[in-house]
Each structure stands twice: as C-alpha cells, then as structure tokens.
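Load the model in your viewer and keep the sequence panel open. Each stop below gives a selection and what to look for.

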Amino acid sequence: MSEPKNREEIEEKYKWKLSDIFPSDEAFESAFENVRKTAAEFASFEGKLASGAVTLKKALDELCEINENLLSVAAYACMHRDEDNEVSKYRAMADRVGDLESEVMEASSFLEPEIISAGKETVEKYMEECEELSEYRQFFHNLFREAEHILDEKSEKLLAATMPMGGASHDVFSAMNNADIRFGKIKGENGEEEELTHSRYGIFLESGNREVRKAAYEAMYAQYKGFKNTFAAMYAGSVKSDLFYAKTKKFPSTLLMKLSGSFIPESVYAKLVEDVNEGIDELSGYLELRKKILGVSGLCMYDLYVPIVPEDEGDIPYEEACAMVLKAVAPLGEAYVNDMRRAFSERWVDVFENRGKTSGAYSWGDNRNHPFVLMNYQGKIEDVFTLAHEMGHAMHSYYTNKTQPSVYRDYKIFVAEVASTVNENLLLEYLLRDAKGTRRAYLLGRKLEAIRTTFYRQTMFAEFEKKAHGAYSEGTPLTAETLCDMYGKVNKKYYGKVCECDENISYEWARIPHFYTSFYVYQYATGFAAATRIKELVLSDGKNADAYMEFLKSGSSDYPLNLLKSAGVDLEDGTAVRSVVNDMKTATDELKLLLDK
Ligand SMILES: [Zn+2]
C-alpha cells in the first residue's frame, strides 16, 4: 500500500469546509469566549426558575442557546483536530473545549433539580399561562418521569460518590483485557509465527486457511479459560453493581432501569428475544449453506467469519461512489436526493486519508449549519457502504436540526442507527438489481453476514444478559461454571442445529466488553429490524417514504417507539423482526441457487 499523503497534497474539493462553522480561528476564539461569558451569566437564574412562566422559558431558551454555541465551538475544534492529529494547535483547542463543556455543565447544574422541586403541577400551570413554554412539554415529561427515580439530596450525593467504585469491575476488565492478557503466537497464513492480538483475531478468523482460524480460536479461548474465575468475578461485580443502583433508584430490576432511559417497555425486549428465537431455523438455513460452500464436514465456531464469497478488489472512484449512493436513496424522494447531492458538492465530506487523520468514519457537526462526514475512502465496495451509512446519519441530523427546536435535536441511541442502516439497506438492494456473478454472490453473502452478526448475534447476547442478571437477582451466584453453562446453552440454541459448538465457545461471555454496559446491545438488533422494515415499506410503496421523512425530522421530540411508529414500524407487533427473518431466508435461497449454477 502506498504511503498516505500529507493533508496539503489533497485537493480542496475532497476536504470538508469547516469554515461553514467559523470563517477563521479568530471567530472561533470569540465564540469560545462568548460561551464562557454567557454560561457564567446563566448562574443568575439560580433560585428564580419557579418565579414564573416567563422566567422559566427565558432560562431554558438561554441554556439551549449556550449549548448550541458550545456545540459549534466543539465541532470546529475537534473536527480540525481530526484532520491531522499531529497539529498541536487544534489538539490544544479541542482540550480547551473539553474544559469549557465542564464549565457549562457546572454553571447549569441547578436547572433540572430546581424544575423538579418546583413540581409537575406548577410547570403544567406555567405551560397554560405561556403558550411558548409548551414547546418544552416533552422535555418536562421526560424530566418528571426520571425524577421519580431521583433520591433526596443527601442520598444522591452519596450515590454519586460511589460511582467510581461502581465502575471498578469495568476498569479491571479493560485493564486485563486490553493490556495484561497475552494470547501468544500462532502460525499465520505464510507459516510464520505471528502474535495473536484482539485486532488480529478478527483477521485470522477471516483467513481462508482453516488451520489458521482454528489456531487463533483455540489460542484466544485458552487464555479466557485460564483466567475464567477472574473474568467471572469481574462480570459478577458489574452485575452486582448494576443491581445495587437499580434497587437504590427504586427500579424493580437492572433491565427496567436501563430501558427507562428511552422509555422502552420490557415487553419489547422480551418480544425481540421471543420472535428471533422463532427465526432460528432461517439462521440454520444460512449456516447450512455456509457449511456447504466452505466444504467442511462439520461447521465449527471458528468457521463463521471467513467470507463465503470474497470481496472483489474494487477501485471505485469517489465520484462514482457518490453517484451510486444517490441512485440508491432515490426511493426516499427527490428532496432527500437533492439535499444529499448538495452535501457532496458543498463539501460536507472529508473524503481521503492523509497523514495524521483520524481513522474510521463518522458524522458530526454543529446544529446551526449542516453536519459533516469524515471518511477514509479507499475505493472498495465496503467504502461505498460506509459512505451511505454516514450520510444516513448526516441527513437524519440535517432534517432534525432544520425542523426541531434546539431542545429536541439530540436523538436517542435507540433510533440513531436506523437512518444509517436504512441507507445501507437501500444501497444493497440497488446494487443487487443489476449485479451478476461473483459481485452478486458477494453482496448476498454480505447481507447474510450483516443479519447474522447485527441481528441474531446481538439478540443472542441480549438473551444471555437477561439470563445472567435474572439469575443473580434470584440468588444464583455468578461463577465461571454458571456463566459458561448459561452462555453455552444460549449459543447452542442459536448455532447448535448446524455448528459443532465445542467447549471453548461457552467462554465467549468473558471477552465481550459490551456486557459491562448492560442491556445495550439489544438496540443493535431492534435498530436493524426497524431499518429493514422501513426499507421494505419504502421500496413497496413510494408513499411510505413521506412517513420516513417525517421520522428523520423528528429528533427526540417524542419517545423512540412513538417516533418509529410514525415511520410505520411497530416494534411491539413483531413485523420488523419477521422482515429480517424473511430477508435471511430469501437471500440464503438466492445465494444457494446462484452458486448451484
Ligand atoms: Zn452508525
């Protein structure tokens, strides 16, 4: 691979135009000072919020304004830093913004407790008196809902002081898992000894050489098995700490505490697991096909990640990638396509890699102008998918920012991946329309793997988490034995009809960092299901695109489930999950037919 260029060598049209936020560093500096000044002045509202509707409205408006300005300052500094992390000027700027964020947070920390102590009735009365204040209705609703779980001042203080201890299990896990644990060396593809690390594990498991996959798998799990009691104690510590906070905050369970943030009923979680369980045969169908294509007599757990159809080399010019994405999203309507075209031509995207640039891809920006997208575009078909994905986030932010008042511009994690996945799905369907031969087989293989890893696997994780937390709260101690038993059984349910589930895989719970942020991963599965259903709706009838466009404009103006309902997705009735399961079956059948030819 060639050396990355220096940033100056990249053509201007492939760089994002951050001067849309501030025309110069001087303008940034004066905005920075303004945030500091207005945040300090905001303190004058302390103790006065309950003095009347007009004051309350004024305080909320002002805080929103401060936060908007803070975001502009943060976006400008951090995105400049990401252009080239070796430039100390922007690194320092980004550090200063971090401090400014704490200043703003501190200066406004009285706001929520003061509104809560004013009481629901007072706020209701104020909203009647002052029409404009009801813009904040959803904000108040959410605040008073959460207030039910806020303790008296003394207890909250005590609880806050315990937080660093509460996070100790995760800290120990990270130290052990990222730094101290060693997996030794294995024989790589060219027969030479290579060190096994977390990031290389993924590469080894994708190796076409089965011996390499097997060696990596066994060496990896040998360590988790060797430290099984330590990992069990860490995870148990995390589960215990979660339950302590749940109980202290008057939640019946950890699950309910975690779901409460997005106002998701427990039934949605349970139904996801139940409905996905009913689609295990379709997963098995795909695994059977995988086994056949790989030509192995028994499909092992280390045979799951090797691509069944390799990606073609691909050298897609960036302009062509943009054209592909624009055509793919055409079913969303002319306005969406035109806005995205403008995003490409008006330099919202920072396209190519350069020395010092932040790796990966993301979408971010301030709320006043437009979002930006960071890419490290290499010309592969996967990069086109990344572009579609990040543009999905960008357009979601763009429409929300244009439509919603400041207070609702932040959307919840629960809906965040929907817009990006819809675009990926549309791109896939668009490419499948004309793709033939190996390209077609690759796309179908890609689709199947996305469903397996984002939908089935995350639901399997969700099922395990519920079992582990549930068992502990019912008095079962979480030991290496009980955890392996639980995980092994769940894994066997998903994979056991086709795969040879050896003993090693029952230690997988020990290496999943997400389990330390409990009940988080189910959102990957629900988001994926919602996006699949939306793709289906939009492609079946153009009129459905309007409802989806409304969803893109809605930010956090309502709770996630209601917002998705407005886009035509009801996560309580199982249709979205069935759409994914059907997709799994159709793609499996098609790939089978294609490869039989
Ligand atoms: Zn994303």
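Is the crossing of α15 and α17 left-handed or right-handed? Keep that in mind while you set up the view; the model is predicted.

**Stop 1: a helix pair.** Select residues 318-328 for helix α15 and residues 381-403 for helix α17. Their axes come within 10 Å and cross at roughly 55°. That angle is neither under 35 degrees nor in the range 65 to 115, so the two helices count as oblique to each other. The crossing is right-handed. Now show side chains at the contact. From α15, pick A321, M324, V325 and A328. From α17, pick D383, V384, L387, A388 and M391. An α-helix has 3.6 residues a turn, so residues three or four places apart point the same way.

**Stop 2: a small set of strands.** Switch to cartoon. Select residues 349-350 (β4), then 362-364 (β5), then 372-374 (β6). These three strands form an open sheet, ordered β4-β6-β5, with mixed pairing. β4 and β5 are the edge strands, each pairing on one side only. Look at β4 against β6: the pairing is parallel, over two bridges.

**Stop 3: V349.** Stay in β4 and centre on V349. Which residue of β6 is the bridge partner of V349? Pick V373. Is V349 buried or exposed? Within 10 Å there are 25 other C-beta atoms; the threshold is 20 or more, so V349 is buried. Beyond four places in sequence, V349 is in contact with W16, A343, F344, V373 and M375. For a link back to α17, use A394: its C-alpha atom lies 10.0 Å from that of V349, with their positions 45 residues apart along the chain.

**Stop 4: D82.** Select residues 53-83, helix α2, and find D82 in it. D82 has 21 other C-beta atoms within 10 Å, so D82 too is buried. Outside its neighbours up to four places away, D82 touches K357, T358 and L374. Draw a distance from D82 to D583: 38 Å, C-alpha to C-alpha. In sequence the two are 501 residues apart.

**Stop 5: an open helix.** Finish on residues 153-166, helix α7, which has 14 residues. From first C-alpha to last, α7 reaches 19 Å, close to the 20 Å expected at 1.5 Å a residue. How many of the 14 residues of α7 are buried? The number is zero, so α7 lies largely in the open.

Notes:
Residues are numbered from 1 along each chain as its sequence is written. This is a predicted model: local features need pLDDT of at least 70, side-chain atom pairs count only at pLDDT 80 or more; totals for chains, interfaces and linings use all residues. Two strands pair if DSSP finds at least two bridges between them. Helices (H or I, at least four residues) and strands (E, at least two) are DSSP runs, numbered from the N terminus. The expected span of a helix is 1.5 Å times one less than its number of residues. A residue is buried if 20 or more other C-beta atoms lie within 10 Å of its own, exposed if 12 or fewer, and partly exposed in between; C-beta atoms are placed from the backbone. Axes are lines fitted to C-alpha atoms, for helices over the stretch in contact, and angles run from 0 to 180 degrees between N-to-C directions. Angles under 35 degrees count as roughly parallel, over 145 as roughly antiparallel, 65 to 115 as roughly perpendicular and the rest as oblique. A crossing is left-handed if the near helix is turned anticlockwise from the far one by less than a right angle, and right-handed if clockwise. Two residues are in contact if their C-beta atoms, placed from the backbone, lie within 7 Å.
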